[in-house]
Amino acid sequence: MTVNPFVLVDDLAKTYGATAVFENLYFTIGKGEFVCLIGHSGCGKTTILNALAGLEEASDGVILVGGREISGPSLDRAVIFQSHALMPWMSVLDNVAFAVRSRWPDWDKAKRRAHALKFIELVGLGNAADKKPAQLSGGMKQRVGIARALSIEPKMLLMDEPFSALDALTRGTLQDEVLRICHQTAQTVFMITHDVDEAILLADKIILMTNGPGAVIAEIVVNTMPRDRNRADLHRHPHYYRIRNHLIEFLVDRSKQFDRSTFDPRKPKFTTPGLDTTTEEKQP
């Protein structure tokens, strides 16, 4: 577990009636870490993210961020959903400036505008600042959502499959942008994804959830590939297929047949499949 973690999830559980969606969740996130959560539908991934955001209350357990217990939504934790959720009557600039005003209500219009433009430029939309959402492509809308989230300078960024509805080319471009921005800003990120390659590209750690109901954390995979990863040559690194095969094998088999006989939820297993030279490096 991370020493002096920025985020501490302690014995988190969510139940509906007598059915536990997930239970006994323990994990930590260090300051500046990028953590991905992978698991099949029904294991409670979005519920976990909503609990971290303060949008949903867990049935049991506690979440600490920066040493403080989460008791509701906060501008210290920004959320990027699958849908961009932009206000259609506002321009790109106004959408981002609206978030800036919620964070710093005492700033004058000129200061809000300058701050918003800085983050619009950061996501490469400087030339589209005056356009309405209807004039933007899907990828551009998601860029606005990212700019809006970053503009309030949150302590943590929560992302719920933000690229899942995009075409492969646009998704890849935005993955590269998120990687660049998060490294540039040292942003702490918790992200849900179903995309194994996306997790390998972006994450420092990958949390693997068993199937629900009663889902638990099976293990936490440490990404041993260098942090300056590049999507174009990711597959050339010797650790890549070891990690990828390990994740796919979990999703196909072990997520459904997890052995709990020696399972200790307080001490989730950390694995480094990228360093395992005994693993056969099968290429699809």
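Begin by selecting the lining of the second largest cavity, whose residues divide into six nonpolar, no polar and no charged, where Ala, Val, Leu, Ile, Met, Phe, Trp, Tyr, Cys and Pro count as nonpolar, Asp, Glu, Lys and Arg as charged, and the others, Gly among them, as polar. The residues to pick are I146, L150, L157, V178, I181 and C182, and they enclose about 30 Å³ of space. A cavity here is a set of points, on a 1 Å grid over the protein atoms alone, where a 1.4 Å probe fits but cannot get out, whereas a pocket is an open set with protein on both sides within 12 Å along at least five of seven lines; lining residues have an atom within 4 Å of a point. Grid points are joined across faces, edges and corners, and a volume is the space filled by probe spheres set on the points. Helices α4 and α5 each supply at least two residues of this lining, and α5 gives the most, with three residues; helices (H or I, at least four residues) and strands (E, at least two) are DSSP runs, numbered from the N terminus.

The model on screen is predicted, and local features need pLDDT of at least 70, side-chain atom pairs count only at pLDDT 80 or more, while totals for chains, interfaces and linings use all residues. Residues are numbered from 1 along each chain as its sequence is written, and side-chain values use heavy atoms, with hydrogens and water left out.

Stay with helix α5 (residues 168-185), which also supplies the largest share, three residues, of the lining of the largest cavity. Select G32, F34, L179, C182, H183, A186, Q187, L202, D204 and R227 to show that lining, which holds five nonpolar, three polar and two charged residues around a volume of about 60 Å³. A search of the whole structure finds two cavities of 30 Å³ or more.

Next, select R77, A78, V79, R148 and I152, which lie nearest the centre of the largest pocket among the 23 residues that line it. About 450 Å³ of space lies in this pocket, and by class its lining has 14 nonpolar, seven polar and two charged residues. Strand β6 (77-80) and helices α2 (92-103) and α4 (138-151) each supply at least two residues of that lining.

Now colour α2 by burial. Which residues of α2 are buried? They are V92, L93, N95, V96, A97, A99 and V100, where buried means under 20% relative accessible area, exposed over 50% and partly exposed in between (1.4 Å probe, protein chains only). What covers these buried residues includes α3 (109-122) and α4. The 12 residues of α2 should span 16 Å at 1.5 Å a residue, and the end C-alpha atoms are 17 Å apart, which agrees; the expected span is 1.5 Å times one less than the number of residues.

From β6, move into the open sheet of seven strands, which run in the order β6-β7-β8-β3-β9-β10-β11 with mixed pairing; two strands pair if DSSP finds at least two bridges between them. Its edge strands are β6 and β11 (270-271), each of which pairs on one side only. Within this sheet, zoom in on β9 (residues 205-209) and β10 (residues 217-222), which pair in the antiparallel sense over five bridges, with K205 standing opposite V222 in β10. In the loop between β9 and β10, select P213, which a cis peptide bond joins to G212, with omega about -5°.

Turn then to the open sheet of four strands, ordered β2-β1-β4-β5 with antiparallel pairing. The edge strands are β2 (19-29) and β5 (68-69), each pairing on one side only. Strands β4 and β5 pair over two bridges, and the bridge partner of L64 in β5 is E69.

Two backbone angles in this sheet deserve a selection. D11, found in strand β1 (residues 7-16), has phi near 60°, a positive value in a residue other than glycine, and at 22% relative accessibility D11 counts as partly exposed. N24, found in strand β2, has phi near 55°, again positive in a residue other than glycine, and N24 counts as partly exposed at 32% relative accessibility.

End at the second largest pocket, where about 230 Å³ of space lies. Of the 15 residues that line this pocket, the closest to its centre are A51, E56, E57, A58 and I70. Strand β4 (residues 60-65) gives the largest share of the lining, four residues, and by class the lining has six nonpolar, five polar and four charged residues.

Terms used: Contact = heavy atoms within 4.5 Å.
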